[in-house]
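Reader: I would like to learn how to read a structure of this kind, feature by feature, with the general idea stated before the particular case. Could we have the model in view before we begin?

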Amino acid sequence: MLLEEIKKFLLEDSVNRFLKYVQVWTTSDEFSLSTPSTENQFELGKILAAELKELKLDNVIHDDYGYVYADLPASRGLENVKRIGLIAHIDTSPAVSGKDVKPVIHKNYGGETIRYASNKNITLTTEDSPILKEYIGLDIITSEGDTLLGADDKAGVAEIMTACAAWQKYSELKHGPITICFTPDEEVGKGTLNINKQRLPEFCYTMDGSEMGELEFECFDAWKASITFTGLSVHPGYAKNLLINATHIASRFLSEIPEQESPEHTEDREGFYYVPRLKGNVEEAETTITIRDYREDNNKKRMEFLRSLKDLYEIRYPGLKIDLQFEHQYSNMLRFIEKDKLVVDLAEKAIEMAGLEVIFHSIRGGTDGAKLSEMGIPTPNIFSGGSLFHSRKEHIPTLALQKASEVLLHLAKLWTSA
Ligand SMILES: [Zn+2]
């Protein structure tokens, strides 16, 4: 059990840090060719590096790629305990503006409709977010409705920073050596692109899940198919038996994909094909297909289906060329984490010790932890506490910030006797 004094410190410190971090603009950009994708991400990195130095962590580095690393020395006598890593991302989703975020605390939320000072067109209700019903009586943080809030993932950043502050302030909180890593560009799929693997320990955790109690160690196995159709342009008035209309054929090809296996028709453990893009003219058409499933064999079947469709269409339309390429994007991390469940078991225990019910959740997407797990560093994902990410209605109860920091304190303690 943690002392009430420490819990109070965790709440105050995490809320203060969170309110400060969300006001720093760190939107990433999926179309940028720079590293990190946006210059403004350096600003929060700079602040965090300075705060980590202030907290007397060792080897604080803010590198040219925008990553921040630091080492927390172990409590005396626990130097030989296994080192763990704590990771959160500093960027926010480009889906909604993250500039000039003005966080608002709704004290003692009573279940009422939340209205926004800077956007009269939207409201936040328990229908938008049923979990709000569980937050009655708590303090809820939202934006002013003109931007997202940025709890994804500045909540994770604040929780890790607060845990560091608590470890340094209260010597009774025992822990082994801990490495902190803050990453840029997670929201644009590049969070681990330039990560220094040598700088990370054998086991890590990302603090990037949503509601309180959540623990995730399964995600999709992810593939991308890129298809180019090459046809032949002929004057339409004289085209009989000659014209090969690439775009029209591509649209027929895509319509062969089973509609039931689309994102809008699937949930829970069902996989899908998703067509985010089709562009073209008579001579050439290009499309990409996102393929997702928890099971690799199901994805293999989907790829086999696309290959057979390609063969069929090349026979049906003599002269048509279809180029079909598959790219593996990330793996279901379960496969790597299952080998040694200790990393998950301790997180489960730590969540329970914080007085929360553990919610096991499979991610219908990926995380940086998936890439790290594949790189040989098992990295489950722990809740950071927010809801309705990537939206103007994003919100987080202040209690979640406290609870997630508590989980980290328990987790570090558990690793000292693992
Ligand atoms: Zn996130």
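Author: Let us begin with a contact between two side chains, keeping in mind that this is a predicted model. The side chains of E218 and R269 form a salt bridge, with an N to O distance of 2.8 Å.

Reader: What is the general idea behind a salt bridge, and how many salt bridges are counted between domain 1 and domain 2?

Author: Side chains of opposite charge can pair when their charged atoms come close. Between domain 1 and domain 2 the count is two salt bridges, while the structure as a whole holds 20 salt bridges.

Reader: Which residues make up domain 1 and domain 2?

Author: The domain assignment of the protein gives domain 1 as 4-219 + 332-415, and domain 2 as 221-330. Taken over C-alpha atoms, the centres of domain 1 and domain 2 are separated by 38 Å.

Reader: How should I describe the contact between domain 1 and domain 2, and how many residues of domain 1 are in contact with domain 2?

Author: One can count residues, then area, then polar pairs. In domain 1, 12 residues are in contact with 12 residues of domain 2, and the area buried between domain 1 and domain 2 is about 950 Å², with carbon and sulfur atoms giving 43% of this area. The polar count between domain 1 and domain 2 is 10 residue pairs in polar contact, both residues being at pLDDT 80 or more. On the side of domain 1 that touches domain 2, helix α8 (residues 368-374) gives the most, with three residues, and by class that side has three nonpolar, four polar and five charged residues.

Reader: Where does N332 lie, and is N332 buried or exposed?

Author: N332 lies in the loop between β14 (321-330) and α6 (334-337), and N332 is buried, because its relative accessible area is 6%, where buried means under 20%. The side chain of N332 makes a polar contact with the side chain of E218 at 3.1 Å, and E218 is also the partner of R269 in the salt bridge described above. Leaving aside residues up to four places away in sequence, N332 touches E218, C219, F220, D221 and Y294.

Reader: How do I read a salt bridge inside one helix, and why are K7 and E4 separated by about one helical turn?

Author: The spacing along the helix is what one reads here. K7 and E4 are separated by about one helical turn because they are three residues apart in helix α1 (residues 4-22), and their side chains meet in a salt bridge with an N to O distance of 3.8 Å. The two residues can then be read by accessibility: K7 is buried, with a relative accessible area of 15%, whereas E4 is exposed, with a relative accessible area of 58%.

Reader: How many residues apart are D13 and R17 in helix α1, and with which residue does R17 form a salt bridge at 3.0 Å?

Author: D13 and R17 both lie in helix α1, four residues apart, which is about one turn of the helix, and their side chains meet in a salt bridge at 2.6 Å, N to O. R17 forms a salt bridge with E51 as well, the closest N and O atoms being 3.0 Å apart. The pair links distant parts of the chain, with R17 in helix α1 and E51 in helix α2 (residues 41-54), 34 residues apart. A network of salt bridges links D13, R17, K20 and E51. As for accessibility, D13 is buried at 15% relative accessible area, R17 counts as buried at 12%, and E51 is buried at 10%.

Reader: How can I compare separation along the chain with separation in space, and what separates the C-alpha atoms of T367 and E187?

Author: One sets the count of residues beside the distance between C-alpha atoms. For T367 and E187, 180 residues apart along the chain, the C-alpha atoms are separated by 9.3 Å. In helix α1, where N16 has its place, N16 and I6 are 10 residues apart in sequence and 15 Å apart in space, C-alpha to C-alpha.

Reader: What surrounds T367, and is T367 buried or exposed?

Author: T367 is buried, with a relative accessible area of 11%, and its place is in the loop between β15 (359-362) and α8. Not counting residues up to four places away in sequence, T367 touches E186, M333 and N381. A polar atom of the T367 side chain also lies 2.8 Å from the backbone nitrogen of G369.

How values were computed. Residues are numbered from 1 along each chain as its sequence is written. This is a predicted model: local features need pLDDT of at least 70, side-chain atom pairs count only at pLDDT 80 or more; totals for chains, interfaces and linings use all residues. Side-chain values use heavy atoms; hydrogens and water are left out. Domain bounds come from an automatic or database domain assignment. Contact means heavy atoms within 4.5 Å. Buried area is the accessible area (1.4 Å probe) that two parts lose on being put together, summed over both. A salt bridge is a side-chain nitrogen of Lys or Arg within 4 Å of a carboxyl oxygen of Asp or Glu. A polar contact is a pair of N or O atoms within 3.5 Å; within protein, one must be able to donate a hydrogen and the other to accept it, and residues adjacent in sequence count only if both atoms are side-chain atoms. Helices (H or I, at least four residues) and strands (E, at least two) are DSSP runs, numbered from the N terminus. Ala, Val, Leu, Ile, Met, Phe, Trp, Tyr, Cys and Pro count as nonpolar, Asp, Glu, Lys and Arg as charged, and the others, Gly among them, as polar. Buried means under 20% relative accessible area, exposed over 50%, partly exposed in between (1.4 Å probe, protein chains only).
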